[in-house]
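Here is a short briefing on ligand sites and enclosed spaces. Look over the sequence and the model first.

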Amino acid sequence: MSRQVIFYGAGEHAKKILGKHPKLKITPKPLPLEDGVCFVDSDVKKQGTYLMGLPVLSIEEALNLYKDADIYISIGNFEDKKTVYKELIKKYGVKWHKIYGGVRLSCHYLEKFIVCGYHECAFGGKAGKDCGMHSFKSCCSDYGKNAVATVPINGDLSRAFNQFLELRFKTIENINLGIPTKCDNCIELKEIMDDPPNQFYYLIYNELGICNSKCCYCNYKERLGRDVSLDVDFIELMKLVNEYGFDKEGIVELCNGEITINPHKQEIYSLLRDKRVMFLTNGLVYDEFIQKKLLDGTGIINISLDCGTRETFIKVKGIDGYNRVINNLKKYSSGKKGIFNIKYIVLPTINDNIKDIDNFIQLCLELKVDSVHISHNLCLSYKDYNNQQTIDAVKYFIERLKKNSLPYELYSKNIIEKLLY
Ligand code: SF4
Ligand code: SF4
């Protein structure tokens, strides 16, 4: 059976948008007028008439006749769209992903992201400690100060994937019905007017396991001896995600471990040739696939350097690899079309000094980085940062970035931004 669309609203707005665009495209699914089966209007005077060749019905009649139809809210007024959206879900039990052109309370992570892997708990106040739970979730952090809802994988990826899809759908529905969810009070919840996504846009594969660095802010000790036998198989995961639908412009992020030394990297790469990929790498090993992706514009590289001198590098990373990393970064940056971001995790008494900051900025200029990301050590709290040396260093850092017109982003609302303002 071909797609059926009920247009909710048979007023001037409907005439305007549908009349002008007989093949109205609503991405990602096209929503052509010829798929329309009827209009719906609460005005009884309109019911029983015809508009653009389609009958105008009451909502009850329409839902009774076309149980599986998608509904497009063809009403212009924002508040009315919201009311109709809520009513469709609450009173008539229509699923949120069948409603187009509405206004719902939701979050882009919840709708477009899928995070798969070993939960680090980094944002839950237990940084540096793995929870030991392989799971699916919508976001890897905890913007809402609640633990985001997760589905444990427990060795059955396919079952967990389907449960995650259900959980995600249910969460969005419950948010709009006012039923408590783990996402309540999250700062990311907003009124969204986009059409419901029927594909993922962002996959975070958080399961790379092993690493060749020993960053002082990481759980590398646990990582070194970790049992990787229960880690999620990337090939199986990608198959499930592709079958469900992955946006052709979507991004796959490889993180939580070091991809360049992963024993399965060639298999992983073979599935990512036509995808945009974000590599979270430490830069210790030069990798041709990363270089190729950067050159053809489908790669994004995020490196946490956290210093500007060899001595500090050793303190932060636990190994003597500064020159190696800088050489690799220079190779990566030559001729790149992809995106190149460098991170500086501010570490009190370790890298909060002028020499490291100056050298780091000089390097960013040479490498023509796209953005500098400034963050804090997730294992530490505001009081660890609230001292004059660190405050002065952070202020100096921002001034220098501005002076050199280097784009930057602060990933630390509760610490770095607080120190600044
Ligand atoms: S916790 Fe916040 S950011 Fe995460 S999925 Fe829920 S609303 Fe989105
Ligand atoms: S590079 Fe990343 S995974 Fe490796 S030790 Fe450092 S923080 Fe941990």
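**Ligand sites**

Eight residues surround ligand 2, and the nearest are Cys-211, Ser-213, Cys-215, Cys-218 and Asn-282. A residue counts as near when one of its heavy atoms lies within 4 Å of the molecule. This is a predicted model, where local features need pLDDT of at least 70, side-chain atom pairs count only at pLDDT 80 or more, and totals for chains, interfaces and linings use all residues. Residues are numbered from 1 along each chain as its sequence is written, chains are lettered from A and ligands numbered from 1 in the order in which they are written, and side-chain values use heavy atoms, leaving out hydrogens and water.

- The shell around ligand 2 has four nonpolar, three polar and one charged residues (nonpolar: Ala, Val, Leu, Ile, Met, Phe, Trp, Tyr, Cys and Pro; charged: Asp, Glu, Lys and Arg; polar: the others, Gly among them).
- Around ligand 1 there are 10 residues, with Cys-107, Cys-139, Cys-183, Cys-186 and Glu-188 the closest.
- Eight residues of the ligand 1 shell are nonpolar, one is polar and one is charged.

**Second largest cavity**

- The structure has two cavities of 30 Å³ or more (on a 1 Å grid over the protein atoms alone, a cavity is a set of points where a 1.4 Å probe fits but cannot get out; lining residues have an atom within 4 Å of a point).
- The second largest holds about 40 Å³, a volume being the space filled by probe spheres set on the points, which are joined across faces, edges and corners.
- Its lining includes Leu-110, Arg-168 and Cys-183.

Definitions and conventions
1 Å grid on protein atoms, 1.4 Å probe; cavity = no way out; pocket = protein on both sides within 12 Å on 5 of 7 lines; lining within 4 Å.
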